[in-house]
Amino acid sequence: MEMVSTIVHQLTRNLSPEEIRNSGFANYYVDHTLGLWPQSAGGVPFNACEFQSKGDPITDLHEDMAAEQKARSTYDNILRLVKDPDVCDPIRYLREREIVHYQRFGEANRKDCSK
């Protein structure tokens, strides 16, 4: 979250009022100025309902693995749309990290299931 927030801050910190209006960013700007307010691309604010936990290790590992894949997919979509290397390079790093996390959760799940 910190890396994505930093990228958004760097991309928006010097926007002129005209750029804000022309970019479709005006409604967000009215509510949050250039502050970061986590929300989906559709404008739905982040909330704790996004976290899933059943208290069962195997179920929770599968949920964690799904979350890693959803994040990777989001990063893939960003990379399809953005060509700025200052954005793409850290997004590629985050994407690779999601893949490694997915692999580690999978290893933990295999070890837990084999007992």
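A residue is called buried when its relative accessible area is under 20%, exposed when that area is over 50%, and partly exposed in between. The close-up views below all show a predicted model.

**View A. Glu98, a buried residue of helix 5.** The relative accessibility of Glu98 is 7%, which lies under the 20% limit, so this residue counts as buried. Glu98 belongs to helix 5, a helix that covers residues 85-113. Once residues up to four places away in sequence are set aside, Glu98 touches Glu68, Ala71, Arg72 and Tyr75. With Tyr75, the separation along the sequence is 23 residues, while the C-alpha to C-alpha distance is 9.4 Å.

**View B. The largest nonpolar core.** Seven residues make up this core: Ile7, Tyr75, Leu79, Val87, Cys88, Ile91 and Leu94. Two elements, helix 4 and helix 5, each give two or more residues to the core. Helix 5 provides the largest share, with 4 residues. Among the core members, Ile7 is in contact with Val87 and Ile91, and also with Pro90, when neighbours within four places in sequence are left aside. Tyr75, listed in this core, is also one of the residues touched by Glu98 in View A.

**View C. Ile78 of helix 4 and Ile91.** Ile78 is found in helix 4, which runs over residues 57-81. Its relative accessible area is 27%; this value falls between the 20% and 50% limits, and Ile78 is therefore partly exposed. The C-alpha atoms of Ile78 and Ile91 are separated by 7.9 Å, and the two residues are 13 places apart along the chain. Ile91 is one of the residues of the largest nonpolar core.

**View D. The aromatic pair of Phe25 and Tyr28.** The structure holds 1 aromatic pair. The ring centres of Phe25 and Tyr28 are 5.0 Å apart, and the ring planes meet at 20 degrees; because planes under 30 degrees apart count as stacked, the pair is assigned to that class. Both partners satisfy the burial limit: Phe25 is buried with a relative accessible area of 18%, and Tyr28 is buried at 15% relative accessibility.

**View E. Thr12 of helix 1 and its contacts.** Thr12 is found in helix 1, the helix of residues 2-12. Its relative accessibility of 10% is under 20%, so Thr12 counts as buried. Neighbours within four places in sequence aside, Thr12 is in contact with Phe25 and Leu34. Phe25 is a partner in the stacked pair of View D.

**View F. Trp37 in the loop between helix 3 and helix 4.** Helix 3 consists of residues 26-32, and Trp37 lies in the loop between this helix and helix 4. At 42% relative accessibility, Trp37 is partly exposed. Residues up to four places away in sequence not being counted, Trp37 touches Tyr28, His32 and Pro45; Tyr28 is a partner in the stacked pair of View D. Trp37 and Gln52 are 15 residues apart in sequence, with a C-alpha to C-alpha distance of 21 Å.

**View G. The largest pocket and its lining.** The space in this pocket is about 2,000 Å³. Its lining comprises 41 residues, of which Met1, Val4, Gln39, Ser40 and Thr74 are the closest to the pocket centre. Helix 1, helix 4 and helix 5 each contribute at least two residues to the lining, and helix 4 gives the most, with 10 residues. Divided by class, the lining has 24 nonpolar, 10 polar and 7 charged residues.

Notes: Residues are numbered from 1 along each chain as its sequence is written. This is a predicted model: local features need pLDDT of at least 70, side-chain atom pairs count only at pLDDT 80 or more; totals for chains, interfaces and linings use all residues. Side-chain values use heavy atoms; hydrogens and water are left out. On a 1 Å grid over the protein atoms alone, a cavity is a set of points where a 1.4 Å probe fits but cannot get out, and a pocket is an open set with protein on both sides within 12 Å along at least five of seven lines; lining residues have an atom within 4 Å of a point. Grid points are joined across faces, edges and corners, and a volume is the space filled by probe spheres set on the points. Ala, Val, Leu, Ile, Met, Phe, Trp, Tyr, Cys and Pro count as nonpolar, Asp, Glu, Lys and Arg as charged, and the others, Gly among them, as polar. Rings of Phe, Tyr and Trp (its six-membered ring) pair if their centres lie within 6.5 Å; planes under 30 degrees apart count as stacked, over 60 as edge-to-face and the rest as tilted. Buried means under 20% relative accessible area, exposed over 50%, partly exposed in between (1.4 Å probe, protein chains only). A nonpolar core is a set of buried Ala, Val, Leu, Ile, Met, Phe, Trp, Tyr and Cys residues joined through side-chain atoms within 4.5 Å. Contact means heavy atoms within 4.5 Å.
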